[in-house]
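Student: I've got a protein chain on my screen and want to learn how to read it. Can we go through it together?

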Amino acid sequence: MSDRSLSDIATKMRDIDIAMLSTHTDGGAIAGRPMSNNGEVDYDGDSYYFTWEESRMVDDIKRNSKVGLSFQGEKAFLVAVEGEADLIKDKAAFKEHWTKDLDDWFKDGVDTEGLVLIKVSATRVHYWDGEDEGEVKLDGAKQRH
């Protein structure tokens with residue numbers, strides 16, 4: 001097992017835009033859905049995703065904040081993140097993480113009614129690049145919003 005740093009992993013994650021965000025449903029199943037990283041390419045253990053407050057994903061997080069993220073890059077580079085999700089409704093935070101591409105999904109920008117920002121604070125990051133694998137453990141509780 002390798003001992004790459006989070007910074008090493010983040011460098012390889014720069015070009016990955018889509019992550020699969022997995023939550024625990026009320027029936028006990030695991031539900032995954034693709035989410036854009038919104039141009040957040042300097043990964044530091046926190047990920048941010050915009051969605052609708054009235055979504056099933058938000059309901060899942062309200063019941064159980066433990067979530068998973070999966071990233072797939074080029075040449076068999078894979079990253080699996082285990083973390084804690086927080087639901088943020090603060091417009092200042094919206095502005096900090098907003099990108100122009102989001103205007104296609106949320107017509108009133110940061111003023112869109114029902115908008116929520118999901119912050120995932122990683123507790124474990126496991127990677128594999130086809131030959132090498134390893135894990136970085138983080139204290140997600142300290143990073144929570």
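Tutor: Sure! One term to start with: accessible areas come from the Shrake-Rupley method with a 1.4 Å probe. Keep in mind, too, that this is a predicted model.

Student: What share of the exposed area do carbon and sulfur atoms supply?

Tutor: Start with the total: the protein chain exposes about 8,300 Å². Of that area, the part supplied by carbon and sulfur atoms is 46%.

Student: Why does the radius of gyration agree with a compact globule?

Tutor: Take the chain length, 145 residues. A compact globule with that many residues would have a radius of gyration near 15 Å, so the two agree, because the protein chain has 15 Å.

Student: In what order do the helices and strands run?

Tutor: There are four helices and seven strands to place. Reading from the N terminus on, you get α-β-β-β-α-β-β-α-β-β-α.

Student: Which residue in the turn between E4 and E5 has a positive phi?

Tutor: Strand E4 covers residues 66-72 and strand E5 covers residues 78-88, and seven bridges join them in an antiparallel way. Gln 72 has Leu 78 in E5 as its bridge partner. The two strands form a hairpin with five residues between them, and the one with a positive phi of about 55° is Lys 75.

Student: And what is the bridge partner of Glu 82 in E6?

Tutor: E5 also pairs with strand E6, residues 115-128, over 11 bridges in the antiparallel sense. In E6, the partner of Glu 82 is Arg 124.

Conventions:
Residues are numbered from 1 along each chain as its sequence is written. This is a predicted model: local features need pLDDT of at least 70, side-chain atom pairs count only at pLDDT 80 or more; totals for chains, interfaces and linings use all residues. Side-chain values use heavy atoms; hydrogens and water are left out. The radius of gyration is taken over C-alpha atoms; the globule rule is 2.2 Å times the number of residues to the power 0.38. Two strands pair if DSSP finds at least two bridges between them.
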